[in-house]
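User: I should like to understand the terms used to describe a protein model. Please explain how each term follows from the values.

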Amino acid sequence: MEPRAGVSKQDIREQIWDYMEAQNLADFPRPVHHRIPNFKGASRAAEHFPRLQAFKMARTIKVNPDAPQKNARFFVLNSKKTLLVPTPRLRTGLFNKITPPPGATKDILRKCATSQGVRNYSTPVGLDSRVLVDLVVVGSVAVSEKGWRIGKGEGYADLEYAMMVSMGAVSQGTPVVTIVHDCQVVDIPETLLEDHDLTVDYILTPTRAITTGCERPKPTGIVWPKISCEMMGKMPVLRSLHCREEQAGKDVTLRDKHRSLPGARAALSTVRSPRELPSLESGSLQGDDVPSSTVYVGNLPRDARVSELKRALSARGAAPSRLTWQGPQRRAFLHYRDPAKAWQAISRLQGFCLGTNTARVALARHQGASGPAGGRAGEPHPDP
């Protein structure tokens with residue numbers, strides 16, 4: 001199956017999804033639309049994986065959590081190599097290390113390689129872990145024999161790789177593998193590729209193991225102008241990397257850093273419905289769906305003084321432009337110039353302690369016109 005001339009990335013995705021469904025090549029979960037497709041023969045395609053020299057030499061391997069890579073995850077565990085799996089949508093971190101129980105049989109290892117096993121046998125890997133990834137496995141919707149790759153359109157694989165570059169976990173020489181059905185190997189116009197797009201070095205299908213010889217440079221890090229404030233709100237690990245790179249003197253200007261609040265409200269209202277908005281604990285948007293530039297700091301010591309808090313914030317590089325002190329309620333509100341500065345402060349205040357208390361830090365919610373009980377309309381307030 002070859003894509004039509006003059007197509008877009010989304011056209012190619014839709015062609016492949018439609019073809020796999022029409023030809024009954026798809027496996028559970030179905031339909032495959034808007035997914036990295038699970039396909040009949042995925043286990044057979046993964047059998048090429050341990051035969052690759054890159055696999056044999058690798059000690060730590062990152063494999064995406066999608067269903068068609070389940071057998072690849074098993075081979076990593078069965079070979080007693082370290083398996084890293086990205087967290088879903090990067091909401092709680094970058095990736096987890098899968099640690100099977102001592103003396104695990106092959107049956108148990110196969111369970112560890114499932115999505116449920118990944119949840120049950122994983123421990124988070126932090127940014128300070130200094131982990132080195134020797135081999136990367138990503139999912140694809142389409143891929144060309146030249147190594148051009150198209151994902152499902154959300155950009156997570158590209159962002160995961162860029163994050164790994166930023167934390168020093170991978171380099172240009174780190175091989176990238178994808179496992180797909182033969183029908184997913186198509187010609188992709190190079191004009192569709194962008195600088196942040198990840199390319200692959202090996203393509204494994206049920207019938208072939210393809211070495212692409214791709215010489216196009218892989219992403220060299222996070223392209224911050226392509227990152228939105230909304231993405232920063234969803235991903236604490238992204239906020240931490242933003243803070244680190246800013247401290248290192250890099251240009252970390254976000255795509256919509258200078259966007260006006262009315263524009264922000266309109267854009268967000270078209271992207272997310274209110275039921276999709278996470279709680280305040282996740283540091284995401286609330287209330288009127290306007291990006292908050294106010295940070296809530298709670299669980300302060302009963303005898304804390306505002307001067308102590310100001311000194312501690314300055315020491316962390318998180319001094320606000322204005323501070324609202326509510327000592328009797330053991331909380332304060334830190335007001336910053338824009339949402340990006342607020343999220344940067346949250347990153348810098350991870351694990352923040354005042355006295356013996358570990359503070360609770362999150363974006364403040366903004367109450368609507370009615371106001372909370374005992375509060376004025378428009379005031380920031382903590383999660384109930």
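Analyst: Among contacts in the chain between residues at least 6 apart in sequence, 64% join residues at least 24 apart. The model is a predicted one. Its chain has 384 residues, of which 52% are buried, and it contains twelve helices and 18 strands.

User: Why is Arg44 called partly exposed?

Analyst: The relative accessible area of Arg44 is 47%. Buried means under 20% and exposed means over 50%. The value for Arg44 lies in between, so the residue is partly exposed. Arg44 has its place in helix H2, residues 42-46. Its C-alpha atom is separated by 8.5 Å from that of Asn71, 27 residues apart along the chain.

User: What makes the pair of Phe49 and Phe55 edge-to-face?

Analyst: Three aromatic pairs are counted in the model. For Phe49 and Phe55 the ring centres are 4.8 Å apart and the planes are at 65°. Centres within 6.5 Å make a pair, and planes over 60 degrees apart count as edge-to-face. Both conditions are met, so the pair of Phe49 and Phe55 is edge-to-face. Phe49 and Phe55 are also buried.

User: Why is the pair of Phe74 and Phe75 called tilted?

Analyst: The ring centres of Phe74 and Phe75 are 5.6 Å apart, with the planes at 50°. Planes under 30 degrees apart would count as stacked and those over 60 as edge-to-face. The angle of 50° fits neither class, so the pair is tilted. Phe74 is buried, as is Phe75.

User: Which charged ends sit over the rings of Phe55 and Phe74?

Analyst: The charged end of Lys81 sits over the ring of Phe55, 5.2 Å from its centre. Over the ring of Phe74 sits the charged end of Arg110, 3.8 Å from the centre. The limit for the distance is 6 Å, and both values satisfy it.

User: What makes helix H7 mostly covered?

Analyst: Ten of the eleven residues of H7 are buried. Among them are Tyr156, Asp158, Glu160, Met163 and Met164. Just after H7, Gly168 takes a positive phi of about 80°.

User: Which residues touch the most other members of the largest nonpolar core?

Analyst: They are Met163, Met164, Trp224, Leu238, Val295 and Phe352, in a core of 63 residues. Helix H7, residues 156-166, gives the most to this core, with eight residues. A second, separate core has 47 residues, including Leu25, Ile61, Ala113 and Leu204. In soluble globular proteins, nonpolar side chains tend to be buried together.

User: Which residues does Met164 contact, leaving aside its neighbours within four places in sequence?

Analyst: Met164 is in contact with Lys62, Leu94, Phe95, Val133, Val136, Ala169 and Val170.

User: How do you know that both faces of strand S5 are covered?

Analyst: In a regular strand the side chains alternate between the two faces of the sheet. In S5, residues 135-138, Leu135 and Val137 lie on one side and Val136 and Val138 on the other, and all are buried.

User: What makes strand S1 and S5 a pair?

Analyst: Strand S1, residues 60-63, and S5 share three bridges in the parallel sense. At least two bridges are needed, so S1 and S5 pair. Ile61 stands opposite Leu135 in S5. S5 also pairs with strand S8, residues 176-179, in the parallel sense over three bridges. There, Val138 stands opposite Thr178 in S8.

Terms used:
Residues are numbered from 1 along each chain as its sequence is written. This is a predicted model: local features need pLDDT of at least 70, side-chain atom pairs count only at pLDDT 80 or more; totals for chains, interfaces and linings use all residues. Side-chain values use heavy atoms; hydrogens and water are left out. A nonpolar core is a set of buried Ala, Val, Leu, Ile, Met, Phe, Trp, Tyr and Cys residues joined through side-chain atoms within 4.5 Å. Buried means under 20% relative accessible area, exposed over 50%, partly exposed in between (1.4 Å probe, protein chains only). Helices (H or I, at least four residues) and strands (E, at least two) are DSSP runs, numbered from the N terminus. Contact means heavy atoms within 4.5 Å. Rings of Phe, Tyr and Trp (its six-membered ring) pair if their centres lie within 6.5 Å; planes under 30 degrees apart count as stacked, over 60 as edge-to-face and the rest as tilted. A charge sits over a ring if NZ of Lys or CZ of Arg is within 6 Å of the ring centre and within 35 degrees of the ring normal.
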